[in-house]
Amino acid sequence: MEFHAVFLALIQGFTEFLPVSSSAHLVLPSVLFGWQDQGMAFDVAVHLGSLLAVIVYFRKEVFAMAGAWFGSLRGKALCAESRLAWGIVLATIPACVAGLLLGDVIERYLRSGWVIAATTVFFGVLLWWADRMARQFKSEYEAGWRSALFLGCAQALALVPGTSRSGITITAGLMLGLTREAAARYSFLMSIPIIFLAGSHQASGLLDGSAMMSWSAIIIGTVVSFVSALACIKLFLALLNRIGVLPFVIYRLALGGVLVAVLTYQ
């Protein structure tokens, strides 16, 4: 149980913020090894670890944005930080609406290995195309309301398993002219409210007391996902401009091929 928890938490932490689809990786252990779902409490734990990691890494930006946002509510003039904060708020709305309206449909019909394999490959190719065509001249602070809405719609598309939330939002950011690092930073900042809301929704399902809870797995999942996600964010941003997105595209294509092979011959 503890080994499963460590392994799955590492997958969650490393793949949540990389453009490689965490759902594609999380489906592999169940397909290859027949592992059972760790349960809703464990899902909440690993998401909490990922959330804490991105808040800790971007703590200066988060505090500055939060202060400027609350200041704008009190009538202060908008500044770069408050505009970015309002953009993050706007970008969160499409995924919330899509989740409420289509969540059950997606859960019932699209959480299959074949869908994940197809979206892993397709959106990997789209990421490559966006990076190849990108002009890369804007910072995250220069993304306006329309850009925020476009990025939010891209994030809503990530409800389809295999799309990769970070992958599709970085793709959208590159399409909008953001630099690679700015697109990644915007994507990571967007993840804070959406991970919080998704985790809160999952946690509400624990209140009825029917969910099985293993406190050792929960603690392991939170700590391991936090450490791995924090390391992932730091390394990804440090290497992104140097290596580009092509290695991740190649990896997605290979992962999609592995999924197809496994699903075909299992």
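In the predicted model, both Phe236 and Phe248 are buried. The structure holds 8 aromatic pairs. One of these is formed by Phe236 and Phe248, whose rings meet edge-to-face, with a centre-to-centre distance of 5.3 Å and an angle of 70° between the planes. Because Phe236 belongs to helix α10 (residues 215-243) and Phe248 to helix α11, this contact ties together parts that are 12 residues apart in sequence. Phe236 and Phe248 also belong to a cluster linked by ring pairs, in which Phe17, Tyr57, Phe58 and Phe188 take part as well.

On the surface, a nonpolar patch is formed by Val125, Trp128, Trp129, Met133, Phe150, Met175, Leu246, Ile250 and Leu253. Together these residues have about 850 Å² of accessible area. Two or more residues of the patch come from each of the elements α6 (113-133) and α11 (246-265). The contribution of α6 is the greatest, at 4 residues.

Val125, a member of the patch, lies in helix α6. Its relative accessibility is 40%, so Val125 counts as partly exposed, the range for this class running from 20% to 50%. Helix α11 thus appears in both parts of this description: the helix holds the buried residue Phe248 and also gives residues to the surface patch.

Notes
Residues numbered from 1 in each chain as written. Predicted model: local features only at pLDDT ≥ 70, side-chain atom pairs only at ≥ 80, totals over all residues. Heavy atoms only, no water. Patch = residues over 30% accessible without salt bridge, like charges linked within 9 Å, V, L, I, M, F, W, Y side chains within 5 Å. Areas by Shrake-Rupley, 256 points an atom, 1.4 Å probe, with all protein chains shown as cover. Salt bridge = Lys/Arg side-chain N within 4 Å of Asp/Glu carboxyl O. Buried < 20%, exposed > 50% of the residue type's maximum accessible area, 1.4 Å probe, protein only. Phe/Tyr/Trp six-rings, centres within 6.5 Å; stacked < 30°, edge-to-face > 60°.
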